[in-house]
Every structure is written in structure tokens, then in C-alpha cells.
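Let's take a walk through this structure together, one part after another. Have a look at the sequence and the model first.

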Amino acid sequence: MFSGAFRERLFEAWVEIRENLGRSTLQTLGVVLGVASVLGGFSISDSQRKRSDERWVKLGGMDRMSVQPSQAVKDGQPTALQNANLGLRNEDAVEGEGLGATTTTGVSQERRARARVRSAYADQDRQITGIGGDYMALNGYTVEKGRGFTAEDFGDGRAVAILGAESASTFFPTGEIVGQTVRVGDIPVVVVGTFSEKVFRFRENQGNQFWWRNRIIAVPSTLVARRMSGDKWQRVDRVVFRFKDLNVMEKFGDGLSSLLLGNHRQQEDFRIDDIAARIRKRRSQGDVYNMIFMLSGILSLIGGGMVNVNIQMATLKERVREVGVKMAIGASGGEIFKGFMTEALLITTLGSVVGLLGGVAFSKVITSFLQIPLFMQPVSFIWAFVLASGFGFAFALYPAWKASRLSPMEALRYE
Amino acid sequence: MTTDRPIIETAGLTKVFGANGTAVHALRGIDLTVARGEFVALVGPSGSGKSTLMAIIGCLDSPTAGTYAIDGVMVQGLSGSALARIRNEKIGFVFQSYNLLPKASIVRNVELPLLYAGVSRKERRRRALELLEKVGIPEKANVLPAVLSGGQRQRVAIARALANTPALLLADEPTGALDSKTGEEVLGLFQELNRQGNTVVLVTHDPHIASLAQRKVELRDGLVVSPEQKAA
């Protein structure tokens with residue numbers, strides 16, 4: 001792997017490091033601290049980011065775009081044009097899906113209503129979520145017991161419901177749930193299934209951030225439209241598209257925007273929410289943290305480098321004599337230079353290895369303190385190592401050059 | 001390699017320190033020839049220029065003017081690394097203050113010149129141990145210089161000087177830091193090495209030590225005075 005001469009030099013450097021253990025340890029310390037702080041900083045910020053990505057995945061994925069009605073109010077009063085608008089309609093969803101027929105992999109509509117919900121055990125005012133299309137997949141719900149909605153359920157607007165974990169335990173604290181009936185307003189609705197409980201805690205000691213998602217009472221959107229809060233225009237409260245490829249989202253978003261503006265008399269009474277773009281933005285904010293961490297790592301490396309130079313100065317007398325003796329017995333300036341640099345290389349490498357281990361330990365402690373899982377990227381290791389080697393070498397160059405330029409006579413006489 | 005070629009041959013060697021007004025003329029034209037196998041003592045009071053001459057002979061310093069050839073190699077105008085090579089291959093230094101690396105073991109101190117000569121690790125170790133045996137302290141190979149007595153340290157330094165079987169052994173006050181009994185022993189070692197065919201140049205201010213040499217070269221004010229021949 002290495003040439004014989006280099007291996008020999010490496011061995012000599014190792015012997016020298018062992019012979020001057022105190023000096024070498026101090027020199028290594030600077031590298032260790034720098035590497036540990038770069039790696040630790042990166043890993044903590046990566047772990048935090050990864051955790052928030054995981055949250056999006058649990059919410060149904062990042063590759064989504066949602067459209068919601070929104071007020072385009074100017075000066076406190078809705079414009080006449082907006083008043084004449086019908087809001088977000090099922091037609092918008094259908095046309096939008098047509099627009100992205102080759103790029104979308106799913107679309108869902110949501111139509112909400114409020115109603116009094118009654119069972120033998122509870123009587124509460126609840127939000128009813130009318131779902132359509134691929135709602136469950138796009139929002140990360142899975143059926144735990146019973147079944148999901150069939151095409152007939154959707155098509156006929158049948159009075160069937162799937163309950164979230166919290167709703168299920170509220171309305172049916174004991175006994176079999178599937179097959180029971182709840183009254184939603186005046187409509188008797190048959191519970192055909194339940195959703196698995198959705199849990200996400202950013203930190204382990206925090207509350208469940210998804211608790212409200214367990215309160216869902218899902219019925220076919222057609223049921224809501226026909227028998228609860230529907231109208232002949234088939235207004236909807238939310239449309240969500242899912243994509244095969246994150247890269248097409250922006251283009252689709254532009255197309256969707258102009259399509260909807262056309263349908264809505266050029267009034268922007270809707271809001272398109274590109275979740276991938278939002279996450280990208282968060283990521284770029286995360287990059288700022290990475291910069292800060294890298295900077296603090298670089299500062300510790302510079303500090304370490306200065307410690308290094310200081311040690312070189314403090315041991316100058318000893319080193320100059322040493323160099324003088326070596327030159328007298330036949331070491332050339334180049335030999336001395338290479339010797340110093342090999343020593344620096346070895347110290348940097350050893351320091352980096354210790355520093356990487358230290359960085360892993362450091363990140364582990366901090367993330368367990370924050371109660372989030374540790375996530376480390378190989379690129380963080382590479383960065384930490386590259387930075388440490390770069391600075392290690394840069395700070396070794398001057399003493400090495402200086403030593404190699406010593407005149408043997410003066411070095412021998414140095415007091 | 002012919003045996004009649006001199007080990008040291010200088011002509012008009014001049015060394016000036018400083019410049020112009022403050023210039024100090026340490027050497028004012030030295031013509032000196034040392035043949036192979038000689039034991040020469042370089043004597044003179046301090047300030048006579050003997051240390052400067054020794055540095056130039058040892059290729060640690062270069063002359064301001066004049067020529068110098070060691071074992072037939074002219075050294076003027078040679079690069080730093082070429083001089084280092086000559087020091088490594090042709091000269092063995094023994095200093096008054098030993099100049100051993102304090103943190104390296106004895107055997108490693110002896111190995112160093114072999115390292116710079118590119119000798120393999122195994123061979124280095126073998127030869128260093130052999131040399132330590134030759135100077136009479138084979139059992140101290142793995143200790144640090146600090147635990148040795150002055151005489152033992154000087155023996156290590158001599159072993160190191162002999163490592164690459166140099167053409168010239170150059171000793172600068174080798175007994176200066178030793179008591180007289182140990183000094184005698186070290187001088188005895190030099191005489192023994194000389195009898196084995198090594199060329200020795202010994203710098204001293206002690207007339208007794210100088211009297212042990214075959215030839216005495218006396219320096220005064222940068223010039224050689226009375227190069228008297230002594231019976232062997």
C-alpha cells in the first residue's frame with residue numbers, strides 16, 4: 001500500500017511520538033477536540049432533522065401537495081369576485097388530477113362537518129371527516145380492526161365509519177367495536193373498522209404530537225356531501241396530491257395554480273402547500289446550523305493548532321538540539337521536514353480517530369439528553385476528518401519548514 | 001579506492017564571520033592534510049579557530065574561501081542534502097556533550113545514522129548491537145541515555161559515530177566532560193580504533209591528550225603553527 005520509505009518514516013514517527021509522549025498527547029488533544037466538535041455538531045443537527053423528517057413520513061410522506069380554501073380578503077372585506085366564487089370544489093380535484101395524470105400517484109379529498117355523535121357510552125360534539133380518494137394512504141392512516149371503505153361505500157355514500165383510536169375508546173370503551181352503530185346527527189352509522197393508534201413524540205418525554213389524529217371519525221366524503229353539510233357544488237375542504245417524483249412537484253404546482261386561478265375567477269381564494277418545498281426550506285435552515293457547528297469546529301481546530309504551535313515553541317530548545325544532532329549524523333533538511341510532517345500526519349490521524357470516537361460519544365450523550373434517536377451521516381465523518389487533516393497539516397508546515405532550514409552548526413550550539 | 005589518497009586535504013581554508021567592519025577572521029588560510037589511518041590532535045587555545053576548523057572539516061559549516069576535499073570528494077558548492085550525505089557516510093562525530101537523543105533508547109541512538117543511510121530495520125538493529133558490543137556496553141541497549149554514566153554515554157556516542165564505518169572519526173573534546181580515569185578509558189578506545197585502521201581527528205586543548213596522538217596540529221589566531229611530526 002505504501003512505499004517502503006514511507007512505511008519506514010511512519011514507523012520512525014510512531015517511535016518519536018512514543019518517545020515524546022507528553023508533547024504528542026498535548027498536540028493530539030487539539031485535533032481530538034476539533035474533530036469531536038465538528039462531528040458532534042453535525043450529528044446532533046442531523047439527528048434533529050432526521051426526527052422531523054420522520055414526523056412528515058408518519059404524517060403520510062413528504063411527496064405531497066395540499067390545497068385548502070383560503071380567504072383572499074383585501075381591506076377587511078371579501079371582494080365581490082370572491083363572494084361570487086364557490087370555493088374549492090370536487091371539480092378542482094378532478095381537474096387537478098387530470099393535469100398531473102402521469103406524475104401523481106394519488107389524490108384525496110376531504111369534506112368536514114360537525115355533528116353530535118352518540119353511542120351507548122358517550123354523547124359528544126365532534127368533527128366528522130368525510131374522506132375520499134386515497135385519503136388513508138396520503139395521511140398515514142392504517143386500518144387496525146375491521147375493514148376500510150369500499151368503492152360502493154364511496155359511490156353510494158353509505159353510512160359507514162372508521163374510528164380513530166381515541167374516538168373508538170371514547171364511544172366504545174368496552175366490547176367489540178366493529179359492527180356497532182353510532183348516531184352522527186340523525187344518521188345511524190355502522191362502524192366498519194378502526195385505525196391503529198398514531199403516536200409520535202419528538203422527544204421521548206414529550207406528549208404525543210399526533211393525539212388529535214386519533215380523534216378522527218372518518219366517513220365517506222359522499223356521505224358528508226349528501227347528508228350532512230354538502231351542497232350541489234360539491235365543495236371540499238382539502239385536496240391532497242401525491243407524486244412519484246419530488247422533482248415534478250414544483251412544475252405541477254405552477255400548473256395547478258393557474259388551473260385553479262382559472263376556475264376561481266382569478267381570485268386566489270385557495271392555498272397550495274408544497275410540503276416538499278416546506279421541508280427543503282427547513283433543511284436549508286438546518287444548513288445554517290451545520291455552518292455554525294462547522295465554524296465552531298474550525299475554531300477549535302485553530303485553537304488546537306495554536307496549542308500545537310505553542311508546544312513546538314515551548315519545546316523548541318529540545319527540538320532544535322535534536323534536529324542539530326540528527327543533521328550532524330546525516331539527516332538532510334528534506335529528511336527533517338518529512339520527519340516533522342509524518343509525525344504531524346500520524347498525530348492528526350490518531351487524533352482524528354480518537355476525536356471521531358469522542359464525537360460519537362458526545363452526540364450520543366446530547367441526543368439521549370434531548371431524547372431523540374441518534375442519526376449520523378458518513379459525510380459528517382468525512383468532513384470532520386478532512387478539516388482536521390487540513391488544519392493539522394497547515395499548522396505543522398511552519399515548524400517543519402523552520403526546522404528543515406536550521407543550519408546544523410547553529411542547531412548544535414543552540415542554547 | 002586507493003589507500004594513499006588523503007582523508008582530509010585543505011588548501012587556503014578561510015572563514016570570516018560577520019561582514020565588513022565587524023568581520024572576524026576565524027581561519028586565515030589553513031593548509032592541512034591528514035592521511036588515512038592517522039591519529040591527529042588539533043590543539044590550540046580558545047579563539048584559535050579550532051572549533052571553526054572542526055566544523056568545516058565535519059561539513060557542518062562551509063568555508064568562506066579555499067578548498068576542502070574529504071576522502072577525495074570536493075565539498076565546495078555542494079547542496080545541503082549532499083553535505084548531509086557526506087556527514088552520514090564519511091564522518092563520525094563525537095561531541096564533548098555526547099549529543100545523544102535523550103528520549104531515544106541507546107540502541108536507537110546508535111541506529112539513527114543507519115536509518116538515514118537507508119539500512120533496513122532488522123539490519124540496523126543487528127549492526128547497532130554489534131557496535132555496542134564493540135565499545136563494551138552491550139547490556140545497555142534498551143535503556144535511556146540518562147541512566148548511563150558519562151563514560152558510558154561517550155561510548156554510545158562513539159558507537160553511533162562508527163555506525164556507517166566512516167572515513168573519519170571527528171571528536172570534539174571527547175573527554176572534556178569526563179573524570180580523568182574515565183577519560184583515559186575513552187582515549188584508550190580511540191587509540192584502539194585507530195590501531196584497527198580508523199582515521200581519528202581529535203580536537204582538544206589538553207596537551208596531555210594531544211601527546212597521545214601521532215601528530216599534533218596547533219592552531220593560533222586562525223593559522224597553523226609548528227606542525228611538528230611526532231614519532232608513532
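Chain A of this predicted model has a secondary structure of 14 helices and 10 strands. How do these elements fill space? Computed along no particular view but along the principal axes, the C-alpha atoms of chain A take up a box of roughly 105 × 55 × 45 Å. The radius of gyration of chain A is 33 Å, whereas a compact globule of 415 residues would come out near 22 Å. Of the 415 residues in chain A, 40% are buried. You can also look at how contacts are spread along the sequence: taking those in chain A between residues at least 6 apart, 83% link residues at least 24 apart.

Now turn to the place where chain A meets chain B. Chain A brings 17 residues to this contact, and chain B brings 20. On the chain B side, α2 (80–90) and α3 (106–116) each provide at least two residues, and α2(B) gives the most, with 6 residues. By character, the chain B residues that touch chain A split into 11 nonpolar, 4 polar and 5 charged.

Staying with chain B, you will find an open sheet of 6 strands with mixed pairing, in the order β6-β7-β8-β3-β9-β10. Its edge strands are β6 (91–94) and β10 (223–225), each of which pairs on one side only. From one strand to the next, the twist averages 25°. At the β6 edge, β6(B) runs parallel to β7 (residues 168–172) of chain B, and the two pair over 4 bridges. To pick out one of these links, follow B:Gly92 to its bridge partner in β7(B), B:Leu169.

How values were computed:
Residues are numbered from 1 along each chain as its sequence is written. Chains are lettered from A and ligands numbered from 1 in the order in which they are written. This is a predicted model: local features need pLDDT of at least 70, side-chain atom pairs count only at pLDDT 80 or more; totals for chains, interfaces and linings use all residues. The radius of gyration is taken over C-alpha atoms; the globule rule is 2.2 Å times the number of residues to the power 0.38. A residue is buried if 20 or more other C-beta atoms lie within 10 Å of its own, exposed if 12 or fewer, and partly exposed in between; C-beta atoms are placed from the backbone. Two residues are in contact if their C-beta atoms, placed from the backbone, lie within 7 Å. Ala, Val, Leu, Ile, Met, Phe, Trp, Tyr, Cys and Pro count as nonpolar, Asp, Glu, Lys and Arg as charged, and the others, Gly among them, as polar. Two strands pair if DSSP finds at least two bridges between them. Axes are lines fitted to C-alpha atoms, for helices over the stretch in contact, and angles run from 0 to 180 degrees between N-to-C directions.
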